[in-house]
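Colleague: I would like a close look at a single part of this model. Please keep it brisk and connect that part to its surroundings.

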Amino acid sequence: MKKLLIILTILLSLSISHNSFAAQTIKLGVVTKPGSAQNIVAEKFKELIEKYSNGNYEVKIFHSKSIGNETEILQQIQMNTIQMGVITGGPFDTFDPIVRVINYPFLFKDSAQADAILDGPLGKEILDDLATVGFKGLCFSENGFRNLTNNKRAIKNAGEVAGLKIRVMASPLHKSIWQALGANPTPMPWPIYSELEQGVIDGQENPLWVMEVYKFFEIQKYMTMTRHVYSPHINVASMIWWKTLKPADQEIIQRAITEAAVYQRKENRDKNGARLALLKDKGMTIEENPDLASFRAKVADLKDMDLFKKPKVQTLLLKMIEASK
Ligand code: EAX
């Protein structure tokens, strides 16, 4: 018995030291808190890559702004101080203007079309182009279609947006969209609960899950289902790190993050009906059928702006508009 115990103890300590030597840690950053769309991708990825690599990789998720806002996380990924991120499309805008193409207003008709285009050759052009700014673009998961909320008035027509102070992401395109709509857009990094609560801003725009997970129903009275921008996350790795990996490891990382993205997109969409019911139940006044033609009309000329003037950006935008007709 004693012998057996000794052998077991030796075996156990061997396996512990083996693991602690072999496991490589992937640091992954998201700005949002547990339960958020980004975190669901991150947690699924962690589960899958730890399984596919038989424990050779372990993932440490940094969330809730513990390592900075989304722009700061992207800078750390460029430098390889962290290896991966699940980041909203908006803040990529200043790193690589080609990303503006996917944030273009009223581009995709529905989720199925967004998936078909982003998972196809046009989406790949964007992922590949991120190499020019130090990222390995892996795949797209989703925040979802963005809707306007505010605390001033019910909004059905674009004209009623005039003068509202709307928080936007750190993205020149998002700022231009809300300028074109007549609002007073204020760029601000995530999170924004206290700014809404204190009335520093009148409103914001985000997908339904945000209103639930961040409890915006407590501090925003009106929601308009504008669905003005389809907002993906872009899942990236540090190119410095990626180049050091064996092809077989690149392959399982790519597989794990792609499967995590597919899983999260479905679960996000499946929950939207219940979210809408919850927000109504919590007392929000929701305009489900706004006059979208009035919103479209005000942003129709955005494609001619300087934001899209670079040839590679202009060319891809025109291809995307054609593909999503
Ligand atoms: O997911 O900053 C934003 O509005 C983003 O949508 C945020 O990451 C919440």
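Which residues of β10 lie on one side and which on the other, and are they buried or exposed?

Modeller: This is a predicted model, so every value below is computed from it. Start with the strand itself. β10 spans residues 230–238. On one side it carries Y230, P232, I234, V236 and S238, and on the other S231, H233, N235 and A237. All of these are buried, and both faces are covered. The count is 9 of 9 residues buried.

Now its place in the sheet. β10 belongs to an open sheet of 5 strands, ordered β2-β1-β3-β10-β4 with mixed pairing. The edges are β2 (57–62) and β4 (135–145), and each of these pairs on one side only. Neighbouring strands are turned by 20° against each other on average, direction ignored.

Take the neighbours of β10 in turn. With β4 it runs antiparallel, joined by 9 bridges. Within that pairing, S141 has H233 as its bridge partner. With β3 the sense is again antiparallel, over 5 bridges. There, V236 is the bridge partner of G85. Follow the sheet on from β3 (residues 84–88) and you reach β1 (residues 24–29), which runs parallel to β3 and is joined to it by 2 bridges. L28 stands opposite M84 in that pair.

Next, the helix on the sheet. α2 (residues 37–52) packs there and touches β10 along with β1, β2, β3 and β4. Its direction makes about 165° with that of β2. The helix has 16 residues and reaches 23 Å from first C-alpha to last, close to the 22 Å expected at 1.5 Å a residue. Its buried residues are A37, Q38, N39, I40, V41, A42, K44, F45, L48 and I49. N54 follows α2 and has a positive phi, near 50°.

Look also at the approach to β10. R227 sits in the loop between β9 (222–224) and β10. Its phi is positive, about 45°, although R227 is not a glycine. Most residues other than glycine have a negative phi. R227 counts as buried because it has 20 C-beta neighbours inside 10 Å, and 20 is the cut-off for that class.

S64 makes a useful contrast. It lies in the loop between β2 and α3 (70–78). S64 also has a positive phi, about 55°, and is not a glycine. But S64 has 14 C-beta neighbours inside 10 Å, so it counts as partly exposed.

Last, the ligand. Its surroundings are V31, T32, T88, N143, M169, W190, N206 and V210. By class, that shell has 4 nonpolar, 4 polar and no charged residues. Two of its members link back to the strands beside β10. T88 falls in β3, residues 84–88. N143 falls in β4, 135–145. W190, also in the shell, leads into P191 through a cis peptide bond, with omega near 0°. Most peptide bonds are trans. P191 is placed in the loop between β7 (184–187) and α7 (193–197).

To return to your question: β10 has both faces covered, with β3 paired to it over 5 bridges and β4 joined to it by 9.

Definitions and conventions. Residues numbered from 1 in each chain as written. Predicted model: local features only at pLDDT ≥ 70, side-chain atom pairs only at ≥ 80, totals over all residues. Near = placed C-beta within 6 Å. Nonpolar A, V, L, I, M, F, W, Y, C, P; charged D, E, K, R; others polar. Pairing = 2+ DSSP bridges. Helix = DSSP H or I, 4+ residues; strand = E, 2+ residues; numbered from the N terminus. Axes fitted to C-alpha atoms, helices over the stretch in contact; angles between N-to-C directions. Contact = placed C-beta atoms within 7 Å. Expected span 1.5 Å × (residues − 1). Buried ≥ 20, exposed ≤ 12 C-beta atoms within 10 Å, placed from the backbone.
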